[in-house]
Amino acid sequence: MRVLGVDPGLTRCGVGVVDGVAGRPLAMRGVGVVRTPADAELGHRLVAIEQGIEHWLDEYDPEVLAVERVFSQHNVRTVMGTAQASAVAMLCASRRGIPVALHTPSEVKAAVTGSGRADKAQVGAMVTRLLRLDAPPKPADAADALALAICHIWRAPAQNRLQQAVAQNRFQQAAALHAAKTRPAQQAPSAPTPPSAPTAPSAPTAPTTRAARAAQKGRTA
């Protein structure tokens, strides 16, 4: 898997490309920073970031783009710039049909160093060790971009299994709901027929004797 990690920022947007799969040695293919002048207009800076990201996509052709998820900070201006740069990177990848994955800073730190509260120096040191580099990438934005790529490579298998489980669960629920809607309604059992009243026995017919017949003839004569 080849992943392009992007640590978004208006002034310095870190980028780093890592090849590898979970459980095997990783290899860095490229690392750098897309810079924009702080005194330039916002629109021009966003265009410069787009051009820089497009260049990295053209050169390395990654399978996935891993971007740091923007989270709330006290400095609203910094958050806005980070979100805008992040959106540009996501747009560039999505336009090419490249999947985009978002990871929070704490997830990246925990994946690379084992602690979600590690500082930048610790992240840089672990990135250097994991990628077998001679020195930590400079500036820190570049190291953070590599850390994002490493984080995604290691977390992707677990995320894929989770997504498959969620998708399967939703499919099963939809199938059960569809079956319930299409199942014919059960007919209510009919009320039992009450037993008929017993019929009164008919009066026994008087036996016909010879004398009776003779008397009958006499009455009719």
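Start with the open sheet: five strands in the order 3-2-1-4-5, with mixed pairing (strands here are DSSP E runs of at least two residues, helices H or I runs of at least four, both numbered from the N terminus; two strands pair if DSSP finds at least two bridges between them). Strand 3 (27–35) and strand 5 (100–103) stand at the edges, each with a single partner strand, so one side of each has no neighbour in the sheet. On average, neighbouring strands are turned by 20° against each other, direction ignored (axes are lines fitted to C-alpha atoms, for helices over the stretch in contact, and angles between N-to-C directions run from 0 to 180 degrees).

Before you click on: this is a predicted model, where local features need pLDDT of at least 70 and side-chain atom pairs count only at pLDDT 80 or more, while totals for chains, interfaces and linings use all residues. Residues are numbered from 1 along each chain as its sequence is written, and side-chain values use heavy atoms, with hydrogens and water left out.

Now select strands 1 and 2. They pair in the antiparallel sense over six bridges, and D7 has G14 in strand 2 as its bridge partner. Show helix 1 as well: it packs on the sheet, touching strand 1, strand 2 and strand 3, and its direction makes about 165° with that of strand 3 (contact means heavy atoms within 4.5 Å).

Next, go to strands 4 and 5, which run parallel and are joined by four bridges. V67 stands opposite L102 in strand 5. Turn on side chains along strand 5 and you'll see them alternate: A101 and H103 point to one face and are buried, whereas V100 and L102 point to the other and are not (buried is under 20% relative accessible area, exposed over 50%, partly exposed in between, with a 1.4 Å probe and protein chains only). Helix 2 lies across strand 1, strand 4 and strand 5, at about 170° to strand 4.

Time for the inside. The largest nonpolar core has 20 residues, and L4, V6, V15, I53, W56 and L65 touch the most other members (such a core is a set of buried Ala, Val, Leu, Ile, Met, Phe, Trp, Tyr and Cys residues joined through side-chain atoms within 4.5 Å). Strand 1 (2–7), strand 2 (12–19), helix 1 (42–60), strand 4 (64–68) and helix 2 (76–95) each supply at least two of its residues. Pick L4 and display its contacts: leaving out residues up to four places away in sequence, they include V15, W56, P62 and L65.

Stay on W56 and add Y60; both are buried. Their ring centres are 5.2 Å apart and their planes at 25°, so the pair is stacked (rings of Phe, Tyr and Trp, the last by its six-membered ring, pair if their centres lie within 6.5 Å; planes under 30 degrees apart count as stacked, over 60 as edge-to-face and the rest as tilted). They sit four residues apart in helix 1, about one helical turn.

For contrast, try Q51, also in helix 1: Q51 is exposed, with a relative accessible area of 54%. Measure across to A89, and the C-alpha atoms are 9.9 Å apart, with the two positions 38 residues apart in sequence numbering.

Last stop: helix 3 (residues 105–113), where P105, V108 and V112 are buried. These three cover an arc of only 65° around the axis, which puts them on the same side of helix 3 (the arc is that of the directions from the helix axis to the C-beta atoms). Just after helix 3 comes G114, with a positive phi near 90°.
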